[in-house]
Amino acid sequence: MAEKDLDKEEFWKEMYILFDKEDKGYLSLDELKKYLQAVGVLITNKELYKMLEEFDPDKIRQFNFEQIWNNFKDCKVISNDEIIDAFKAFDKNGKISKEELKYVMTNLGDKIKDEDAEKLLSNFNVDDQGNLDYKEFLGKYGINC
């Protein structure tokens with residue numbers, strides 16, 4: 001295994017431990033979806049369910065680290081630099097309009113519900129022009145610009 005893959009596997013293991021809060025030894029389907037987002041896997045729900053048909057045909061929906069690693073390690077992963085570049089497309093001196101970000105979250109890629117976007121965005125400071133500092137936003141997720 002290449003050193004880069006080892007680093008990736010270690011990162012995925014550390015994240016897995018964070019998501020398996022109760023130390024059950026597995027993640028539920030909902031936890032798996034959130035986990036995959038957290039490690040940067042770009043996968044649609046349709047793609048996810050197709051993969052699950054192959055490695056979880058009995059629909060047990062309890063996924064241990066080895067299952068996750070073996071089945072998702074080769075999926076496209078978005079890097080921090082790609083996330084930052086996406087924000088810079090809307091950049092206004094290090095800021096992005098809350099409405100623009102909400103639009104992106106609810107209309108592009110793997111869309112989230114309007115109320116979920118509002119809930120997420122409510123955690124961030126918005127200036128009097130309706131902009132948020134995307135560096136602050138990313139920093140809350142451990143991504144440094």
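**Close-up views of a predicted model**

At the start of α6, a side-chain oxygen of serine 97 comes to within 3.1 Å of the backbone nitrogen of glutamate 99. Everything in these legends describes a predicted model.

**View 1. Serine 97 at the start of helix α6.** Serine 97 itself still belongs to strand β1, residues 95-97. With a relative accessible area of 12%, serine 97 is buried. Its partner in the contact, glutamate 99, offers a backbone nitrogen, while glutamate 99 as a residue is exposed and sits on the face of α6 turned away from the buried side.

**View 2. The two sides of helix α6.** Helix α6 covers residues 98-107, and its buried residues are Leu101, Lys102, Met105 and Thr106. Look down the axis and these buried residues fall within an arc of 125°, so they line one face of the helix. Turn to the face pointing away from that buried side and you meet the exposed residues Glu99 and Tyr103. Note that a lysine, Lys102, is on the buried list; Lys102 also turns up in the salt-bridge network of the next view.

**View 3. A salt-bridge network involving helices α6 and α7.** Lys98, Lys102, Asp114 and Glu118 are linked in a network of salt bridges. One of the links joins glutamate 118 to lysine 98, with the closest N and O atoms 3.8 Å apart. That pair connects distant parts of the chain: glutamate 118 is in helix α7 (residues 114-121) and lysine 98 is in helix α6, 20 residues apart. Glutamate 118 has 28% relative accessibility, so it counts as partly exposed. Across the whole structure, a search turns up seven salt bridges.

**View 4. An aromatic cluster with tyrosine 35 as a member.** The cluster is made of Trp12, Tyr16, Phe19, Tyr35, Phe65 and Trp69. Searching the whole structure gives eight aromatic pairs. In one of them, the ring centres of tryptophan 12 and tyrosine 35 lie 6.1 Å apart with the planes at 90°, so this pair is edge-to-face. It bridges distant parts of the chain, with tryptophan 12 in helix α1 (residues 3-19) and tyrosine 35 in helix α2, 23 residues apart. Tryptophan 12 and tyrosine 35 are both buried. Tyrosine 16 also pairs with tyrosine 35: the ring centres are 6.2 Å apart and the planes at 85°, so this one is edge-to-face too. Here tyrosine 16 lies in helix α1 and tyrosine 35 in helix α2, so the pair ties together parts that are 19 residues apart in sequence. As for burial, tyrosine 16 counts as buried at 8% relative accessibility, and tyrosine 35 is buried with a relative accessible area of 0%.

**View 5. Helix α3 and what covers it.** In helix α3 (residues 45-55), the buried residues include Leu48, Leu52 and Phe55. They span an arc of only 75° around the axis, which puts them on the same side of α3. Why would residues three or four places apart point the same way? An α-helix has 3.6 residues a turn, so that spacing brings them round to the same direction. Among the elements covering the buried residues of α3 are α2 (29-38) and α4 (65-72). The face turned away from the buried side holds the exposed residues Lys46, Lys50, Glu53 and Glu54.

**View 6. Arginine 61 in the loop between α3 and α4.** Arginine 61 has a positive phi of about 60°, although it is not a glycine. Arginine 61 also forms a salt bridge with aspartate 56, the closest N and O atoms being 2.9 Å apart. Aspartate 56 is buried, at 6% relative accessibility.

**View 7. Lysine 24 and its two partners, tyrosine 26 and glutamate 31.** Lysine 24 lies over the face of tyrosine 26, at 5.2 Å from the ring centre. Lysine 24 forms a salt bridge with glutamate 31 as well, where the closest N and O atoms are 3.1 Å apart. Buried or exposed, or something in between? Lysine 24 counts as partly exposed at 30% relative accessibility, and glutamate 31 counts as partly exposed at 21%.

**View 8. Aspartate 23 in the loop between α1 and α2.** Aspartate 23 is not a glycine, yet it has a positive phi of about 55°. At 67% relative accessibility, aspartate 23 counts as exposed.

Notes: Residues are numbered from 1 along each chain as its sequence is written. This is a predicted model: local features need pLDDT of at least 70, side-chain atom pairs count only at pLDDT 80 or more; totals for chains, interfaces and linings use all residues. Side-chain values use heavy atoms; hydrogens and water are left out. Buried means under 20% relative accessible area, exposed over 50%, partly exposed in between (1.4 Å probe, protein chains only). Helices (H or I, at least four residues) and strands (E, at least two) are DSSP runs, numbered from the N terminus. The arc is that of the directions from the helix axis to the C-beta atoms. Contact means heavy atoms within 4.5 Å. Rings of Phe, Tyr and Trp (its six-membered ring) pair if their centres lie within 6.5 Å; planes under 30 degrees apart count as stacked, over 60 as edge-to-face and the rest as tilted. A charge sits over a ring if NZ of Lys or CZ of Arg is within 6 Å of the ring centre and within 35 degrees of the ring normal. A polar contact is a pair of N or O atoms within 3.5 Å; within protein, one must be able to donate a hydrogen and the other to accept it, and residues adjacent in sequence count only if both atoms are side-chain atoms. A salt bridge is a side-chain nitrogen of Lys or Arg within 4 Å of a carboxyl oxygen of Asp or Glu.
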